Amino acid sequence: MKRLFSVIFVILLCTGTVSAETVLSLDSCRNMAIRNNKSLKIAEANAKAASYNKKSAFANYFPTIDVSGGYLYSSREISLLNDNQKSLLPNLGTQMSSPISNYLTQLAAIDPALAAKLAPLASGIGDAMNSVGSSLVDALRTDTKNMWGGIVSITQPIFTGGKIIAYNKITRYAEDIAEKQKDASVKDVVFGVDEAYWQVVSLVQKKQLAEEYLRLVDTLQFNVEALIEEGVATKSDGLTVAVKQNEAEITLTKVTDGLALSRMLLAQMCGMPVNAKFKLEDEENVSLAETSGNTAEINMDEVFSNREEIQSLDIASKIYENKRRVELSAMLPNIALVGSYSFSNPNILNGFDKSVGGLFNVGVVLRVPIFHTADLFKVKAAKTQSDIAKLTMEDAKEKIELQVNQAAFKLNEAYKKLRMTAKNMEKAEENLQNANVGFAEGVLTASNVMEAQTAWLQAKSELLDAKIDARLCDIYLSKALGKMSY
């Protein structure tokens, strides 16, 4: 009883492991690819950078505040007096002693008693004037060997020739282009996943077809060997069937290898390990669901409005138009309101005193360009780039119209081929059935059966290719129309 429970447990465990194999739908493959694709992450980062650039351009409407400072050491200080003045002032009293003596001599001739009283005073005046001169030289020293200072300024643009407005439009358009490019990248990823998905489905069903064909050949080989033993068939018939059997095995090997590589590609696109084990939701569905194949009247204006390439080129032409305005702004006046607070040590506002002193300034700055030939050519170059963008958009519209018409034509042809291959498949199955019956009754040979089997294999393979081709052509047309749903 214990052994029986153990066996049952192992069977349930194995069954659970098999059933737990991941089954992926087309939508789940798309979602995983979108989440894990590096190109999409780069496109998202570009869109985020464009958003930051737009905010940076908008900040130009607001005032800018700057702080700057510095320190300066000089080998000699700034002097308000020349060398001659600095040598004369300390000796001012001495230099005045001769005129004073002459005056006292003249005064002694008039009044000797008064001259005798003023003589000591004259000597004191000379010393005092020498002291005053020395003090004046010291007071006029700037002590500017070590200087430091700074300035805090604020600038508010008032009129810049339309440059700030144009830059804001450019960055906003650049953000729109980044978003369009991200959407286009998403569609490219989805398109690639769809191709890889249906490639895997096609190879899975071709593998099943190759296995079924190999079983048919094996059955024929068994029957031919039995007929050889009975003497009804020859060894040549057996060798011919054996060759077909080897060809069927080689075909099965090639399909198996191709399927393994296609699964690796799909796993890599979905962000899974390349050796991941998974099944696809549609790979067991031998009769693929057919889409309508409807390619009714196509409105190209609607197509152009849906295609990211046209939208991006239209935005690009607007960007170049605003670049022309930016270049034109260099030829227009610029007005800004400026305010600042500057400070220094020594204090230039207080006789170069060793303290910090400063002052406020407010004013308006006007810049008027008079003659700038280079700017004129820059404006013309920007205008030419705008014209180029418009011509590029017209060229892209013509190519997209051709692409849409070709995709619609291919889709119609794919559904015609699908209907024809379906009819061929019915005839091939009927032919194979008749060949098997005729061979069993001895009316037909093994070669007739192999021919019927080969025709059946080719018809079924063509039907499978036609179904996958119809799926892919429908995807191509959806992408060309800009209407991919994901």
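Contact means that heavy atoms lie within 4.5 Å of each other. The structure shown is a predicted model in which local features need pLDDT of at least 70 and side-chain atom pairs count only at pLDDT 80 or more, whereas totals for chains, interfaces and linings use all residues. Residues are numbered from 1 along each chain as its sequence is written, and side-chain values use heavy atoms, with hydrogens and water left out.

**View 1. S153 and its contacts in strand β3.** Leaving aside neighbours within four places in sequence, S153 is in contact with T64, I65, D66, G339 and S340. Helices (H or I, at least four residues) and strands (E, at least two) are DSSP runs, numbered from the N terminus. S153 has a relative accessible area of 18% and is therefore buried. Here buried means under 20% relative accessible area, exposed means over 50%, and partly exposed lies in between (1.4 Å probe, protein chains only).

**View 2. V364 in strand β6.** Because its relative accessible area is 60%, V364 is exposed. Not counting residues up to four places away in sequence, V364 touches I335, A336 and L337. The C-alpha atoms of V364 and A336 are 5.8 Å apart in space, although the two residues are 28 apart in sequence.

**View 3. A nonpolar surface patch that includes V364 and L376.** The patch covers about 770 Å² and is made by I158, F159, L328, M331, L332, L337, V362, V364 and L376. Patches are made of residues with over 30% relative accessible area and no salt bridge; like charges are joined within 9 Å, and nonpolar side chains (Val, Leu, Ile, Met, Phe, Trp, Tyr) within 5 Å. Accessible areas come from the Shrake-Rupley method with a 1.4 Å probe, and for residues only the protein chains shown count as cover. Strands β3 (146-159) and β6 (357-367) each supply at least two residues of the patch. L376 lies in helix α11 and counts as partly exposed because its relative accessibility is 37%.

**View 4. The cis peptide bond between N345 and P346.** Omega for this bond is about 10°. P346 lies in the loop between β5 (334-345) and β6.

**View 5. A salt bridge between helices α12 and α7.** Side chains of opposite charge can pair when their charged atoms come close. A salt bridge is a side-chain nitrogen of Lys or Arg within 4 Å of a carboxyl oxygen of Asp or Glu. The side chains of K460 and E212 meet in such a bridge, at 3.4 Å from N to O. K460 lies in helix α12 (residues 446-481) and E212 in helix α7, so the pair ties together parts that are 248 residues apart in sequence. K460 is partly exposed at 22% relative accessibility, and E212 is partly exposed at 29%.

**View 6. Salt bridges within helices α7 and α11.** K182 forms a salt bridge with E179, the closest N and O atoms being 3.4 Å apart. Both residues lie in helix α7 (residues 163-230), three residues apart, about one turn of the helix. In helix α11, K416 forms a salt bridge with E413, with the closest N and O atoms 3.5 Å apart. K416 and E413 are also three residues apart, so about one helical turn separates them.
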